[in-house]
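This report describes the strand arrangement, the pockets and some backbone details of one protein model. The sequence and the coordinates are shown first.

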Amino acid sequence: KEGKIITVAGCKGGVGKSIISAGLALEFGRTGKDVILVDADLGGANLHTYLGIQAPQYVINDFLSRRVQSVNNVVLPTDYEGVRFISSAGNIPSLANPKFAQKTKIINNLLSLKADVVIIDIGAGSSYDVMDFFSMTNKGILVTIPEPTSIINSYGFVKNVVYRRLNLMFRQYPLVMELIKRGMNPDSENGISAVKDLLRELAVQNPECWLKAKSMLSTFLPNIIVNMTSSENDVQLGEKLKTIITKYLSVKATCLGQVPEDPSVRLAAKKMVPFSVLAPQSH
């Protein structure tokens, strides 16, 4: 399942994660893949508008509320080759902050979808829900833009995911949790500034937990895309972010590349047409 799931997150709104998600889905569809594109932005779903869908006939809440029996019943056709779609539209307040059982049900059912590729567009920010959806795969995509706040927030997002995973892994170990708490607050009196320092202390306190933490970190391989670039300096930001993540979080990130700024993207969003359809020659 790991190979077919692609999660796409953004450290804040407006970085273009939905554009990236929709663009990837259409390109996979063109190559003959069977693709399901999922809008998992439970609090602000709008991915359907990029596909020209005014009001989705079925949404995820129809499955959660048992109006339909299976998640397959909310998979909608689109006008684009090879691409089907699951929406979470509807502005349902309870869905913006799902209960743990609801979130688990959504994740498990998305993992069970029958398709060559499942692309999951996740909400912005660093809430537990966003981090847990991102962690459906070890190789999710994080979209950022060449602005200082976006780069800082992107680093913070990866850090939060790392510590979220450590928290879930070691919540039954009070001494380990104390180390994790120090790592989450590096500026405190006895804070730990880098994950490698946390691992060093963990190796002394609990070698078994140290091995588990090392294994988790070695398999978590986030991917970075820098969107809306306009200069060579913008392009280099992805590599710089990757270096910082490796240095302080002991995680091997990859910079997939960059997507240049193009007015046709915003025009396509206004026209509710994928930009690769409106402007197929766009870089």
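Two strands are taken to pair if DSSP finds at least two bridges between them. Strands themselves are DSSP runs of E with at least two residues, numbered from the N terminus. The structure is a predicted model.

**The sheet**

Under that criterion, Pro-77 stands opposite Arg-84 in β4. These residues belong to a sheet of eight strands, which is open and has the order β3-β4-β2-β5-β1-β6-β7-β8. The pairing within the sheet is mixed. Its edges are formed by β3 (76-77) and β8 (254-260), each of which pairs on one side only.

Strands of a sheet pair through backbone hydrogen bonds, either parallel or antiparallel. At the β3 edge, the pairing with β4 (residues 83-86) is antiparallel and comprises two bridges. Besides the position of Pro-77 opposite Arg-84, Leu-76 has Phe-85 of β4 as its bridge partner. The two strands form a hairpin with five residues between them. In the turn of this hairpin, Gly-82 has a positive phi of about 75 degrees.

On its other side, β4 pairs with β2 in the parallel sense, over four bridges. Here Leu-37 stands opposite Phe-85 in β4. Phe-85 thus appears in both pairings, as the partner of Leu-76 and opposite Leu-37.

Further along the order, β1 and β6 run parallel and are joined by three bridges. Val-8 has Ile-141 in β6 as its bridge partner. The pairing continues from β6 to β7, which also run parallel, with four bridges between them. In this pair, Thr-144 stands opposite Val-226 in β7.

In a regular strand the side chains alternate between the two faces of the sheet. In β6, Ile-141 and Val-143 point one way, whereas Leu-142 and Thr-144 point the other way. All of these residues are buried.

Helix α1 (residues 17-30) lies across β1 (5-10), β2 (35-40), β4, β5 (117-122), β6 (141-144), β7 (223-229) and β8. The helix runs at about 170 degrees to β5.

**The pockets**

Rolling a probe the size of a water molecule over the atoms shows where empty space is left. The table sets out the volume of each of the two largest pockets and the residues closest to its centre.

| Pocket | Volume | Residues closest to the centre |
|---|---|---|
| Largest pocket | about 370 Å³ | Gly-14, Gly-16, Ile-19, Tyr-50 and Met-228 |
| Second largest pocket | about 280 Å³ | Gly-23, Glu-27, Val-259, Phe-275 and His-283 |

The largest pocket is lined by 22 residues. Of its lining, 10 residues are nonpolar, seven polar and five charged. At least two lining residues come from each of α1, β7, β8 and α12 (263-271).

The second largest pocket is lined by 16 residues. These divide into nine nonpolar, five polar and two charged residues. At least two are supplied by each of α1, β8 and α13 (275-278). Which element gives the most to this lining? It is α1, with six residues. Helix α1 therefore has a place in the description of both pockets, as a supplier to the lining of the largest pocket and to that of the second largest pocket.

**Backbone and accessibility details**

Most residues other than glycine have a negative phi, and most peptide bonds are trans. Met-228 has a phi near 60 degrees, a positive value in a residue other than glycine. This residue is found in strand β7, and Met-228 is also among the residues closest to the centre of the largest pocket.

Met-272 likewise has a positive phi, near 60 degrees. Its place is the loop between α12 and α13. Is Met-272 buried or partly exposed? Met-272 counts as partly exposed because its relative accessible area is 22%, and buried would require a value under 20%.

Ser-112 lies in the loop between α5 (100-111) and β5. With a relative accessibility of 33%, Ser-112 is likewise partly exposed. Ser-112 and Thr-246 are separated by 134 residues in sequence. In space, their C-alpha atoms are 32 Å apart.

Notes: Residues are numbered from 1 along each chain as its sequence is written. This is a predicted model: local features need pLDDT of at least 70, side-chain atom pairs count only at pLDDT 80 or more; totals for chains, interfaces and linings use all residues. Side-chain values use heavy atoms; hydrogens and water are left out. Contact means heavy atoms within 4.5 Å. Axes are lines fitted to C-alpha atoms, for helices over the stretch in contact, and angles run from 0 to 180 degrees between N-to-C directions. Buried means under 20% relative accessible area, exposed over 50%, partly exposed in between (1.4 Å probe, protein chains only). On a 1 Å grid over the protein atoms alone, a cavity is a set of points where a 1.4 Å probe fits but cannot get out, and a pocket is an open set with protein on both sides within 12 Å along at least five of seven lines; lining residues have an atom within 4 Å of a point. Grid points are joined across faces, edges and corners, and a volume is the space filled by probe spheres set on the points. Ala, Val, Leu, Ile, Met, Phe, Trp, Tyr, Cys and Pro count as nonpolar, Asp, Glu, Lys and Arg as charged, and the others, Gly among them, as polar.
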